[in-house]
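Grab the structure and work through these exercises at your own pace. Each one sets a task and then walks through a solution.

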Amino acid sequence: MPGKEQLMRYLPWISTPVLLAVILGLWNLAVSLGASQYTLPPPGEVYDALLELIRRPDVWTVHMRTTLVEAVAGFGIGLVSGVIVGAVLGRVVWLERAVRPMVVALQVVPKVALVPLFVIWFGFGMTSKVIVAAILAFFPIMLNVLLGVRSVDPGHRDVMTSLNAGRWQTFWALEFHSTLPYVFAGMEVGIVFAVIGAIVGEYLGGNEGLGFLVVDTLNALNAPELYAVIILLAVLGYLLFFAVNVAKRLMIPWHESVTLKDIT
Amino acid sequence: MRAGGNDSSMTQQGLKTAGTPDIAAREGSGVTGSRAVGASAELELVEVSKEFHARSGSVVALKDITLSIRRREFVALVGRSGCGKTTMLRILAGLTHPTRGTVLAGGRPLWHDGGRDPETVARLGLVFQDAHLFPWYSVEENIALPLKLRGVGKAERLERARELCALVGLTGFERSYPRELSGGMRQRAAIARALSYRPGVLLMDEPFGALDALTREKMNLELQSLAMASESTVVLVTHSIREAVFLADRVVLLSPRPGRIRSITDVDFRRPRQLDVEAEPRFQEIVKELRSQLDEEA
C-alpha cells in the first residue's frame, strides 16, 4: 500500500487530468446548452484550430520566437538591473531613503498604462516590448533583492565576525547564499510579468508575436483560433516559469521553498 | 598563531586526558610563548563598562567589571536575564566594543586603534545560543567553514570536519543539511565548528538553552569531556545555576542594573564529574547559596 507521503507526491499527476476533464466536461455542457459559437466554441473545434496553428511554420519561426525573445530578453534585463539596483539600495541605506518615494510612485503606476508611451518612444518593433517586459520584471526582482540583502541573519553575521572573515569572504560565504532565495522568489514573479509585458506590448502595436496573433484572430472573429493562441501562450508562460523553477532547485537545494514538495 | 600554554599548563594541574587526536594536533600547532604571562591569565577584563544608548536614554549594561580568567579554567557566568552576562561574553568575544575599560586576551589587548586585533580574535571560539549554522552548507562544510576562511585546503579541512563529527557524535550526518538535524545535533555541529581551528578559548552563550533537560544533561557531560580533552579555557553563560556549578571551576554571579559581579564562587569537585555529583550535600549547598543571592535581587 502506498504511504501518505508517496500519495502526496503523485497527487498532482492524478488530480490535474481529473480537473482538466471536469473543465472540458463543463465546457462541452455549456456548448450543448447553446452558448454562442463566438464566445465559446466547442472544445473539438479549438483542438482542431490548435493542431492547425502548431502546424503553421510561421507560428513558431515568427510569432512564438518573437514573444519568447521579447520575454526572455526583457526578463534578463530586468534580472540584471533588478539585482544590481536591489543590492545597492539594500546596502546604501541613505540612498534607499532618498529614492523610496519615487520607487513607491513608480511601483503603484500601472506600468501597462505606459506601454503606448514606449511605442511612441521606441517604435512598433521588438525594442518597445522588451522594455515593457524588462520594467515589469524589474520591480518584483529589485524589491525581493532589496529585502534579501537586508534579511541576512545578524547571528550569521556574528559568526563571520567572530571568525575574522573579510569583506569578500562574508559576501561569498554568507550574503550571496542568503540572498539567493530572494532572487529566485523575485525571478519566479518576474518571468511571469515579463511574458505579460511582452504580450501587452504586442497587443498595442506591431505585427509579430503571440500577442499580435491574439488581436489578429479577435479581429477576424475566429474564436477557435483565439482560444488556441491563448493555450499556446499558457504553455509558453508555463515553460518559462518551469525553467526558472528548475534553476532554483539546482541553485538552492537547501531552501525550504525547494524542500517542501510543492506542485510546481 | 596560538599563544598557547605549553609552559604552565603542565604544572597547573595534573589532568590526565586521554590521547585524542585533538591534543596531538594542538601540540604541533606552534606555540610562540613570547608573551608567557606569569599568572597565565587567558582572559582579563579590567574595569570594563558598557552603556547602550537608546531613544529612551542610556542603559548601563555592565559597570566596572574586573575579572581574570586563568588558562584552562572553566568559568560560568550566571545571573538573571538582563544582567549583562551575554553582553559580557560578546565583549570577551570582540563582538561588542566596551564603552570603557580594557579587554586582554593572552596578555594582548583585544581592541586597539578602534579595531579588533585579528590575531587575538583568532584564538577565540564562539558558540551561540542558536547554532547559527549556515543552511546552505552541509554539516561538514559548516564545521570546516572557519578553516576555509583561513585558507586551509579542501581535502584537509573536510578531513578535520569528519574527525570533529566523530568527536561530537555526528558521524553519518556529515553530508546532511542543518535543517535535517535535531536541535541538540545542530548545537553539537556548532561546537565542532568552534573547535575546528583549535581555539585556546571557548566562549559559549547559553549553548544548551533551547534543549530539553535530558539532552542538556548529556550535552553537559560531553562539554566537560571536550573541554578537558581540548585543554581549552571555557567561559559559559547560563541561567541555570545547577549547570554552572556542575561544569565550572568558578561561578561568576552577576547582578543586574547595572550589571556587576555580585560574587565569585570556587567549585572544586574532581573531574571528570558525573551526574551524581549533584546529589552531594556540598553541591546542593553551593546551589542554594547562589540561588539565595539571586533571589535577594528580586
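**Exercise 1.** Work out how many residues each chain puts into the contact between chain A and chain B.

*Solution.* Step one: count a pair as in contact if the C-beta atoms, placed from the backbone, lie within 7 Å. Step two: tally each side, which gives 14 residues from chain A and 17 residues from chain B. Keep in mind that this is a predicted model, where local features need pLDDT of at least 70, side-chain atom pairs count only at pLDDT 80 or more, and totals for chains, interfaces and linings use all residues. Residues are numbered from 1 along each chain as its sequence is written, with chains lettered from A and ligands numbered from 1 in the order in which they are written.

**Exercise 2.** Find which elements of chain A give two or more residues to the side that touches chain B.

*Solution.* Start with the elements: helices are DSSP runs (H or I, at least four residues), numbered from the N terminus. Helix H7 (154–162) and helix H8 (167–204) of chain A make the list. H7(A) gives the most, with 6 residues. Now sort that side of chain A by class: 6 nonpolar, 7 polar and 1 charged. Here Ala, Val, Leu, Ile, Met, Phe, Trp, Tyr, Cys and Pro are nonpolar, Asp, Glu, Lys and Arg charged, and the others, Gly among them, polar.

**Exercise 3.** Describe how the two domains of chain B meet.

*Solution.* First, the bounds, from an automatic or database domain assignment: domain 1 is 42–123 + 202–298 and domain 2 is 133–198. Next, the contact: 8 residues of domain 1 of chain B touch 6 residues of domain 2 of chain B. Helix H8 (residues 213–230) of chain B gives the most to the domain 1 side, with 3 residues.
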